[in-house]
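Student: I'm new to this one, so could you pick a single part and take a close look at it with me? After that, please follow the thread to a few other places.

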Amino acid sequence: MRTLLVTGPGGSGRTTVATATALTAAREGARTLLISANQVDTAEEPGLTVRRLAPGDEFRDDLLALQKKASSALDLLGAGRLEGEELTPLPGSDELALLRALRDAGRDAYDTVVVDLPPLPRALTLLALPEQLRRYLRRLLPPERQAARALRPMLGRIAGVPMPADWLYETAARWDTELAAAQAVIEDPGTTVRLVVEPGPAGADAVRAAATGLALQGLRADALLANRVLPDDTADTWFAGLIAQQRKILAEWTGTYGEELRTLPHLGHDPRGGDDLAALGVPAPGAAPESPEGGQWPVTDALADDGVLVWHIPLPGAVREELGLIRRGDELVVTAGPFRRIVTLPSALRRCTVAGAGLRDGELRVRFTPDPDLWPRTR
């Protein structure tokens, strides 16, 4: 399955471009699913399925199901029942609904899945959520600490506190399974991110920040789509300054992204219907980029020359003053501007101490020195 995650700054036209991408893929013969929380403007097309998210409905159904499951306990407490009509979605329900849709998409028989993500940087926060939540679950309820059912009463008397109930671990295991399914789709080699940006100063800042955030999360970019590009032959001189500004930014992006940059024309009106979407010329998903290292950050051995191992972390667009590194046991906390990720150290680096780090050519290089007490000794 080929998955395209489409995002961009607010107002960049990402929903329109996501719809046009799905339409192009369907017309080229791919069984295509479009997932969006917004109203999409496309007629029924052969091979195209549109799933519009309804976070409010899903939140209500989940809460009513939980209430029904716990009805006996609630009755004993004298709790009043909630009715479906009085339930409104809570903050975060949009993100959970989209993660659930990603999980389900991985189980369906589609050739191409196009996902209309929220605007940047909220989209990057959403894509990092499964990994973060799974880490929280492992820290709060480690599966290996779950005591055998027969030992619970005895352990409770020894500790003097009640032991966690089985349902708590069962719930955590179910959540971990669902989050793992969504994470698998996000991290799959066939999943890429398509950025939709208007060429301008704000768009250039958004692209730089997105490049850093994507690299930190180990996500691959499919293309940079410069949207609403004005034609050079516009007669109205009022647009001359805007056109010159767009051309300057496009020249910079061409030098950086090369063939990954595609321009989409300004139609002079908001695109409506299949004909307008086709006129944008949005490219269909190509083959997924090769990732021989599986998205992992490589470690180079410089022990013979410098006595260190070097962990290479690609961070294009990162600023030295906005970088942060914290070693916490077997984990490394990496901060780059507004983005943060906690990653587990490779096995060799867990037996080392951090000796320093440096940012060069968009790559953070963290140096590790072997710990004599942990490193294998040679005769």
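Tutor: Let's start with one residue pair: the bridge partner of I35 in β4 is V115. What you're looking at is a predicted model, so local features need pLDDT of at least 70 and side-chain atom pairs count only at pLDDT 80 or more, while totals for chains, interfaces and linings use all residues. Residues are numbered from 1 along each chain as its sequence is written, and side-chain values use heavy atoms, with hydrogens and water left out.

Now for the strand that is our close-up, β2 (residues 32–36). Strands here are DSSP runs of E, at least two residues long, and helices are runs of H or I of at least four, all numbered from the N terminus. β2 pairs with strand β4 (residues 112–116) in the parallel sense, over four bridges; to pair, two strands need at least two bridges found by DSSP. β2 also runs parallel to strand β3 (residues 48–52), joined by five bridges, and there L34 has V50 as its bridge partner.

Are the residues of β2 buried or exposed? Five of the five are buried, so the strand is largely enclosed by the rest of the structure. (Buried means under 20% relative accessible area, exposed over 50%, and partly exposed in between, using a 1.4 Å probe and protein chains only.) T32, L34 and S36 point one way, L33 and I35 point the other, and all are buried.

Next stop, helix α5 (residues 122–140). Its 19 residues reach 26 Å from first C-alpha to last, close to the 27 Å expected, where the expected span is 1.5 Å times one less than the number of residues. α5 bends by about 45° at L129, and the proline P130 follows within four residues. That bend is the angle between axes fitted to the seven residues ending at a residue and the seven starting there. The buried residues of α5 include L126, L127, P130 and R134.

R134 takes us further along the chain. Although buried, at 19% relative accessible area, R134 forms a salt bridge with D176, with their closest N and O atoms 2.9 Å apart. (For a salt bridge, a side-chain nitrogen of Lys or Arg lies within 4 Å of a carboxyl oxygen of Asp or Glu.) This pair links distant parts of the chain, since D176 sits in helix α7 (residues 166–187), 42 residues away from R134 in α5. D176 is partly exposed, at 22%.

By that rule, the count comes to 19 salt bridges. One of them joins R208 and D205, at 2.3 Å between the closest N and O atoms. Both residues sit in helix α8 (residues 201–216), and because they are three residues apart, they are separated by about one helical turn. An α-helix has 3.6 residues a turn, so residues three or four places apart point the same way. R208 is partly exposed at 45%, and D205 is partly exposed at 44%. E363 and R365 also meet through their side chains, at 2.7 Å from N to O. There's a network of salt bridges too, linking R51, R103, D104, R107 and E178.

One last look, at another set of strands. An open sheet of four has the order β8-β9-β14-β13, with antiparallel pairing. Its edge strands, β8 (299–302) and β13 (352–360), each pair on one side only. β8 meets strand β9 (residues 308–314) over four bridges, and in β9 the bridge partner of V299 is W311.
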